[in-house]
Amino acid sequence: MFDRELDDKDGHSEDNTSDYKSTPLSPTDKPNELDERTEVIYGTDKTTYMILKVLSNTSLKWDNYTNSQGPSIGMGVDPIRKGFKDANKRGVKIRFITEINNNNIQYCHEFMKIAELRHIDNAKGGMAVTEKEYIATANLQEAQPVAHLIYSNVMEIIEQQQEVFESLWDKSIPAELRIREIKEGYQRISTKVIDNWNEIYENINGLAENSDEVLICSDISMLKLAYRSLFIVYQKMMDRYDKKHHGGIRWIVSVNGKEDVELLRLFMDMGIKIRRIKNLPIVNYLVTDKLFLSNIESNHASDHDKLITSMLVSNDPSYIGHYKAIFEDLWKNGIDVGDLINDIDLGYDPERIDIISKSNNVHDLYQTIVPSSKKEIMIIFPSTGAFIRQHKVGLISSIFESVKINGVKLKALIPSDRRISRIIEELKLEKNFDKLKLTDIEFRDIENFLETRSTILIVDKKISLVMELRDDSKDSFYDAIGLSTYSNSKAGVLSYVLFFENLWNQTEISINLKKANEKLRESESLQNDFIHIAAHELKNPLQPILMMSEVMKSILNQMALHEPGGEVRVNPAHLNELLDIIIRNTNKLSKLTNNVLDITKIESNSLILDKEPIDMRKFVYDSIVDFNDQLLINGKKYTSDPKTSENIENEIVKLIFHENEIIEPINDASIPAQKFVVEIDKSRILQVLTNLIDNAIKFTNLNEQIIVKLDKYIINNLDFVKVSIKDTGTGIDPDILPKLFSKFITKSVRGTGLGLYICKNIVNAHGGQIWAQNNVGEKGATFVFTIPICTTSSLNEKIF
């Protein structure tokens, strides 16, 4: 800590004046600039010697700060007094700061002859600093030498202490003014900020003895703080009031509602007169005939358990007169809280409109009215910043809590922002909103419609709280909002309800318009794709038809030219081959035409089904047999390589029943006895089955099986037959899987993308469902559709 310590081995000496006089102060005693040191010196002889040495070394200035004992040491200890006078004669500028009182005033008068003297309240300890040295002590006694001393000639320390002294000098007052206060009883005008709760408490506690009447104007939060921390002080004042020794307390306060009634009763029972006003001044304050106090810090709702840590205190008559006049004007216009409490006790909730200037009061009110909601909360957030700031102070969470606990609905208009969306999702998760109905909470984007710069909160269409957005750049909720308006007036609240609902309806129109535009763009895109695909699909079969027709015509013409008499002899095999190509491509055209017609019927809701009860097992079985037979007859066993031999040894399609029995397509006798009786349009369901199997064949390699399986399927206690077609092809592209059954959706080089859309509508018209999925753990995909099974009564009536 220090370079060294000097011990006083000789003990304490009260009077060594002769020694000091005989001790020469030679130039060699002055500190060497290279010998910087800091040390602690003990013993009055050595400390006095060091003080005189430092006084002797200075040629420019001596800046001295001490407590109230300092003047008695400077002028009461002879060697030190002589040192000060010698320094003054050498032209050293002496500045002295101390606490001047009745006990040291005589010494101060003497000091004022050689130094510029100033007064400061509550001075502690002592120190002196020159241009090159610094000394200090913590303990000074009246007219006694110093017992120990800290000495330093380190320039960093000297410069630092010079700044400290200048700061104290600026805060001090001239000695002449302080002496006048003491001698004439003059009350110094003082305005200061107290940053210590104990000192604040002493100032308020002293009002019981030193005031005639106490006038207080504050929000309800200060009344709550007074109840927690100052209730005994106000009781003491009112006890003196009862004994005619005090003028009592009058209090103007804002009242939020029923929740404040009991607190108000407690203060009124003491005899405090309380009135309520709508528009409080910006500051909370207390004023008497002699003193003005104001709480200059924001008392946020989250700080309610804290004490006041900062208070402005002034005895300036201009302050006192100004705020007393404000109080009296407010008092005249105030409503007696007793009358308000009586109305509330009778069940009346008087209509009111309050202008609230303090952000902490708005926070309290917000937290009060939101939990009181019973039916619905409506709220508009003017900006992303407003939402985030309210979230930081717990206001958004309180809304979600009210929705959860009270079961109220929430409609919120918010700016579109990912940060807001993330906060909402986090709160939903935190409050377990998964169990709530989706309609209980709804957020909509208002960025394109918002013309307000205020947060508007409406509770149960009975209460409104409008918070003006003063500065959206602020991070703090309390700094960002300006004036706020609370109202339970029916007309006032209704105007905000209508404003909210107008915006809400505009967003609904916007949402629907946006969806319609998206559908229109999607429809236009799909329509363009369909035209392109349809043109391609029409071109494919038309080209071979035209070509084969021209070939046939050419062959016939050539034969007619070369045969005698123009008689044409036709090769049946060759002609059949050409006709097969024409027929096959004509069928393609017919299928495309039928698909377009089916789309037209579906879109116009004119798809008519000719239903009849059948056994779905037998129907599917027969369809599979016919399908395989057709492949055999046409010699069209599927292969991915056109050059592959047409020799057919194994069937591509197998029918598997739900018992996992494989039924070879031989005869009807092999079908199990159990039936799945359904009521269907056979041609339409065959269209579905054929389309799905045909698609599976397109994507299945040579000699690999496509498995068709039937199962019983139960949904909501209703029986369905489930038909699944499983292939081992390439699977479904993940990009189109979610919209696979929409119009014009295809990634195949062949096809219009209409088949699955038609299949879906046919199945839906039968009361069933259709879906598809990629196989798990193996290649290929599985398509599934369901058809309701007829009840027993229907079965008896329609089949047997």
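Let's start in the middle of things: the largest nonpolar core of this predicted model has 41 residues, and Met616, Ile725 and Phe785 have the most contacts inside it. Helices and strands both feed into this core. The elements giving two or more residues are α22 (616-634), β28 (677-680), α23 (682-698), β29 (706-715), β30 (718-726), α24 (755-765), β31 (770-774) and β32 (781-788). Of these, α23 gives the most, with 7 residues. Why would such residues gather? In soluble globular proteins, nonpolar side chains tend to be buried together.

Now zoom in on Phe785. Setting aside its neighbours within four places in sequence, Phe785 touches a whole crowd, including Met616, Ile685, Val688, Leu692, Val721, Ile725, Val763 and Ile770. Lys722 and Gln769 are among its contacts too.

Next, follow α23 to where it packs against α24. The two helices meet at an angle of about 145°, and their axes are 10 Å apart. Their crossing is left-handed. On the α23 side you'll find Arg684, Ile685, Gln687, Val688, Asn691, Leu692 and Asn695, while α24 brings Gly755, Leu756, Ile758, Cys759, Ile762 and Val763. Sort the residues of this contact by type and you get 8 nonpolar, 4 polar and 1 charged.

Cys759, from that contact, is worth a second look. Its relative accessibility is 2%, so it counts as buried, the cut-off being under 20%. Cys790 has a relative accessible area of 18%, so it is buried as well. As for disulfides, the count comes to 0.

Finally, look beyond this region. Apart from the largest core lies another one, of 40 residues, with Ile200, Leu230, Val255 and Val313 among them.

Terms used:
Residues are numbered from 1 along each chain as its sequence is written. This is a predicted model: local features need pLDDT of at least 70, side-chain atom pairs count only at pLDDT 80 or more; totals for chains, interfaces and linings use all residues. Side-chain values use heavy atoms; hydrogens and water are left out. A nonpolar core is a set of buried Ala, Val, Leu, Ile, Met, Phe, Trp, Tyr and Cys residues joined through side-chain atoms within 4.5 Å. Buried means under 20% relative accessible area, exposed over 50%, partly exposed in between (1.4 Å probe, protein chains only). Helices (H or I, at least four residues) and strands (E, at least two) are DSSP runs, numbered from the N terminus. Contact means heavy atoms within 4.5 Å. Axes are lines fitted to C-alpha atoms, for helices over the stretch in contact, and angles run from 0 to 180 degrees between N-to-C directions. A crossing is left-handed if the near helix is turned anticlockwise from the far one by less than a right angle, and right-handed if clockwise. Ala, Val, Leu, Ile, Met, Phe, Trp, Tyr, Cys and Pro count as nonpolar, Asp, Glu, Lys and Arg as charged, and the others, Gly among them, as polar. A disulfide is a pair of cysteine sulfur atoms within 2.5 Å.
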